[in-house]
Amino acid sequence: MMAISDSLQVTKTRIAAACVAAGRAPDAVRLLVVSKTFPAAAVREAFEAGARAFGENYVQEGLAKIEALGDLRSQLDWHLIGPLQSNKTRPVAEQFDWVHSVDRLKVAQRLSERRPPQLPPLNICLQINISGEASKSGLLPAEAAALAHQVAALPRLALRGLMAVPEPGPGALAQHQAMAALFAALQAEGLALDTLSLGMSADLEDAIHAGSTMVRVGSAIFGAR
């Protein structure tokens, strides 16, 4: 297994190359390092290699790492990318910087109510079920605009954009393109969105070609889970 510092650099090079191939600036896409199931020591190693944004799927696991890496807190952005139940919104609102998985107004309202006023607004992405799979969380694309406008009006939240996990396979590229079209349509409605969280280790090139601004990469950096 390649060292984390080496695999992180390979991933950054891969992202930059995909950006150039898509006719975009090499630094047009941000890297979110997905650290779920890997220990705090691995996160620290990735930080020392230059990573600054980390994604966690599970609230309790993420909170434990935020505490364990408290000495780095001011230098890290912590993103919750997994499902969020409304009864767990308080610690997320208090400790995380981003939530990518909002798909209900109730969850957004509770995050808004529980975000401490002394902290910057909590950055929010709406999760879209772009593949329409019954097993996946997320809004249907037709539901996105109504919720986006409602969330954008809530205090102590900053609606930043959309997130999706397209179904792998021959239809994935079309799903990436559909996400980019939805993102553009919401911008055209006057929503100040700047983040399309789309693409992972296996499909980041297609996502970047479609217009992703943030890719979520774990296994290509830390190895198989």
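Visitor: Before the details, what is a salt bridge here?

Guide: A salt bridge is a side-chain nitrogen of Lys or Arg within 4 Å of a carboxyl oxygen of Asp or Glu. The structure above is a predicted model, and by this rule it has eight salt bridges.

Visitor: Which residue meets Lys-65 in a salt bridge?

Guide: The partner of Lys-65 is Glu-56, with N to O at 2.9 Å.

Visitor: Are those two buried or exposed?

Guide: Lys-65 is buried, as its relative accessible area is 6%. Glu-56 is buried as well, at 0% relative accessibility.

Visitor: Which residues are joined with them into one network?

Guide: Glu-56, Glu-61 and Lys-65 form one network through salt bridges that share partners.

Visitor: What does Asp-97 pair with?

Guide: Asp-97 forms a salt bridge with Arg-73, and their closest N and O atoms are 3.0 Å apart. Asp-97 sits in the loop between α4 and β4, while Arg-73 sits in the loop between α3 and β3, so the pair ties together parts that are 24 residues apart in sequence. Asp-97 is buried at 15% relative accessible area, whereas Arg-73 is partly exposed at 23%.

Visitor: And where does Arg-160 come in?

Guide: The side chain of Arg-160 meets that of Asp-194 in a salt bridge, at 2.9 Å from N to O. This pair also links distant parts of the chain: Arg-160 belongs to strand β6, Asp-194 to the loop between α7 (172-188) and β7, and they are 34 residues apart. Arg-160 is buried, with a relative accessible area of 19%, and Asp-194 is partly exposed, with 37%.

Visitor: What about Asp-203, and where is it?

Guide: Asp-203 is in the loop between β7 (195-197) and α8 (204-210). Asp-203 is buried yet has no salt bridge.

Visitor: How far away is the nearest side chain of opposite charge?

Guide: That side chain is Arg-14, 6.9 Å from Asp-203. Because a salt bridge requires the nitrogen and the carboxyl oxygen to be within 4 Å, the pair does not count as one. The side chain of Asp-203 does reach the backbone nitrogen of Met-200, at 2.6 Å.

Visitor: Changing topic: how many disulfides?

Guide: The count is zero disulfides. Cys-19 is in no disulfide, and the nearest cysteine sulfur, that of Cys-125, is 17 Å away. For Cys-125, in turn, the nearest cysteine sulfur is that of Cys-19. The limit for a disulfide is 2.5 Å between the sulfur atoms, so a separation of 17 Å leaves Cys-19 without one.

Visitor: Are the two cysteines buried or exposed?

Guide: Cys-19 counts as buried, at 0% relative accessibility. Cys-125 is buried too, with a relative accessible area of 0%.

Visitor: On to the helices. Which residues of α2 are buried?

Guide: In α2 (residues 40-48), the buried residues are Ala-40, Ala-42, Val-43, Ala-46 and Phe-47. They lie on the same side of α2, because they cover an arc of only 160° around the axis. On the other side of α2, Ala-41 and Glu-48 are exposed.

Visitor: What do the buried ones pack against?

Guide: The buried residues of α2 pack against α1 (4-21), β2 (53-56), α3 (59-68), β3 (77-80) and α9 (219-222). After α2 comes Gly-50, which has a positive phi near 115°.

Visitor: And which residues are buried in α5?

Guide: Val-107, Ala-108, Leu-111 and Ser-112 are buried in helix α5 (residues 105-114). Their arc around the axis is only 135°, which puts them on the same side of α5. Among the elements that the buried residues of α5 pack against are two helices, α4 (89-95) and α6 (144-152), as well as strands including β5 (122-128).

Visitor: Gly-50 is a glycine; which sign of phi do other residues mostly have?

Guide: Most residues other than glycine have a negative phi. Thr-37, however, has a positive phi near 75°. Thr-37 lies in the loop between β1 (30-34) and α2 and is partly exposed at 46% relative accessibility.

Visitor: What is the phi of Arg-156?

Guide: Arg-156 has a positive phi of about 65°, although it is not a glycine. Arg-156 is in the loop between α6 and β6, and it is partly exposed with a relative accessible area of 35%.

Technical notes: Residues numbered from 1 in each chain as written. Predicted model: local features only at pLDDT ≥ 70, side-chain atom pairs only at ≥ 80, totals over all residues. Heavy atoms only, no water. Buried < 20%, exposed > 50% of the residue type's maximum accessible area, 1.4 Å probe, protein only. Helix = DSSP H or I, 4+ residues; strand = E, 2+ residues; numbered from the N terminus. Arc of directions from axis to C-beta. Contact = heavy atoms within 4.5 Å. Lys, Arg positive; Asp, Glu negative; His and termini not counted. Polar contact = N/O pair within 3.5 Å; in protein donor to acceptor, adjacent residues only side chain to side chain.
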